[in-house]
Amino acid sequence: MDLFEYQGKSLFARLGVPVPEGRVARTPEEARTAAEEIGGKVVVKAQVQVGGRGKAGGIKLADGPDQAFAHATDILGMDIKGHTVDIVWLEQASNIAAEYYVSFTLDRSVKKHLAIVSAQGGMDIEAVAADTPEAVVKMHIDPVVGLTNWQASELVYRAKLDRATARKSAAALRKLYEAFVSLDCDLVEVNPLILTDDGEIVALDSKVTLDSNAFFRHPDFEDFRSAFTEDPMEKMARQRGLNFIKLDGSVGIIGNGAGLVMSTIDVVALVGGAASNFLDVGGGAGADTITNALEVLTNDPTVKSVLINIFGGITRCDLVAQGIVEALEGLELQWPIVVRLDGTNAVEGREILRGVVSDAVIPVETMREAAEKAVELAGKG
Ligand code: GDP
Ligand code: MN
């Protein structure tokens with residue numbers, strides 16, 4: 001998950017990387033108040049997950065609260081490369097003496113971390129690398145050892161960062177690397193890391209990508225997620241522990257195992273229909289899971305029919321059937337459900353479904369038949 005600049009900076013601040021003091025604002029009024037609280041000159045920065053905000057007019061210097069209000073009025077709602085600005089970040093303006101580039105990523109090919117440092121920050125690093133490759137210094141870091149003091153110093157020396165403040169730069173590099181590791185990041189990029197007129201090293205921008213596979217180790221990251229406008233259905237499904245992705249069609253899909261769900265989506269397309277979602281209930285799905293899955297789909301008005309495709313392994317088909325029965329009792333389902341059960345306890349499962357007194361549940365033998373039936377019913381819906 002990519003963080004907004006202000007979110008990345010809040011993590012930096014927590015870990016001791018110097019950042020300018022700032023506030024978030026969602027309205028021009030909030031921007032005015034933020035500027036009053038910060039005091040002096042402030043920079044108003046569009047919060048979008050795309051680079052080059054400066055060039056696009058998404059970063060403006062204000063000499064006080066009134067101008068901050070005016071800039072926020074301009075920037076909020078602005079479209080930057082297809083991203084609408086809903087949030088601005090206001091921070092104390094910095095006096096820049098030099099702009100550096102720093103990033104830490106994982107280099108999978110050598111199973112090591114990669115540090116990239118340049119004294120020519122502030123601009124597009126790809127352009128710097130193309131024009132003056134010698135100005136971009138790269139160094140691999142052994143993830144077991146971490147970034148040592150001498151390596152940090154060597155990076156500063158080789159990248160020709162300011163000599164007088166070399167110690168501070170090296171310390172900032174080590175703190176950023178610590179952040180990269182301790183927060184389980186895929187990327188930490190600071191462009192620019194600046195040297196101020198007073199000889200301080202400050203992170204003026206932040207681009208942080210968190211590894212979502214490590215979220216369980218960072219419960220506090222939930223707050224970051226809530227700042228993004230998440231699809232309400234995807235959110236609902238996630239809260240129920242389901243893997244759900246919204247698609248464009250009208251056939252609701254429920255299956256167990258990502259591979260089976262994807263194949264089901266393909267077969268639905270093959271017979272001329274389109275899936276309205278990907279929904280994997282995972283292995284060992286019981287009655288509750290199926291009820292939950294159907295409940296999520298009831299909130300999607302684009303669904304016209306539902307296809308449940310279960311291959312029983314650890315998952316028991318009788319429990320799945322039980323879940324369908326329970327859902328029928330508890331929920332008001334607006335569409336027919338085509339069910340294909342195979343594998344563990346499939347016979348028992350079909351038996352349970354046959355006992356359901358409803359036209360809305362249609363047991364079908366094969367995947368192809370099931371898809372054809374579901375597509376046909378969706379067309380009628
Ligand atoms: P990006 O264009 O999206 O990468 O946004 P950045 O946060 O990197 O800002 C772009 C440029 O705006 C920086 O490289 C600086 O030159 C300039 N800038 C940002 N904040 C300040 C500030 O507080 N003072 C000054 N003088 N310039 C700033
Ligand atoms: Mn930048």
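**View 1. Asn191 and the manganese site in the predicted model.** Asn191 is buried, at 16% relative accessibility. Its O atom and the OD of Asp205 are the protein donors of the manganese ion (ligand 2), lying 2.2 Å from the ion. The two donors come from distant parts of the chain, 14 residues apart: Asn191 belongs to strand 10 (residues 185-196), while Asp205 sits in the loop between strand 11 (201-203) and strand 12 (207-210). Asp205 is also buried, since its relative accessible area of 19% falls under the 20% limit.

**View 2. The salt bridge between Asp184 and Arg217.** The closest N and O atoms of this pair are 2.7 Å apart. Asp184 lies in the loop between helix 6 (166-182) and strand 10, and Arg217 in the loop between strand 12 and helix 7 (222-226), so the bridge ties together parts that are 33 residues apart in sequence. Asp184 is buried, with a relative accessible area of 15%, whereas Arg217 is exposed, at 52%.

**View 3. The salt bridge between Asp342 and Arg340.** The side chains meet at 3.5 Å, N to O. Asp342 is partly exposed, with 29% relative accessibility; Arg340 is buried, at 11%.

**View 4. A salt bridge within helix 12.** Arg354 and Glu351 pair through their side chains at 3.3 Å, N to O. Both residues lie in helix 12 (residues 346-354), three residues apart, about one turn of the helix. Arg354 is exposed, at 58% relative accessibility.

**View 5. A salt-bridge network.** Glu5, Lys9, Lys45, Arg53, Glu91 and Asp205 are joined into one network by salt bridges that share partners. The structure holds 22 salt bridges.

Methods:
Residues numbered from 1 in each chain as written. Chains lettered and ligands numbered in written order. Predicted model: local features only at pLDDT ≥ 70, side-chain atom pairs only at ≥ 80, totals over all residues. Heavy atoms only, no water. Donors = N, O, S within 2.8 Å, 3.2 Å for Na, K, Ca; no water. Helix = DSSP H or I, 4+ residues; strand = E, 2+ residues; numbered from the N terminus. Buried < 20%, exposed > 50% of the residue type's maximum accessible area, 1.4 Å probe, protein only. Salt bridge = Lys/Arg side-chain N within 4 Å of Asp/Glu carboxyl O.
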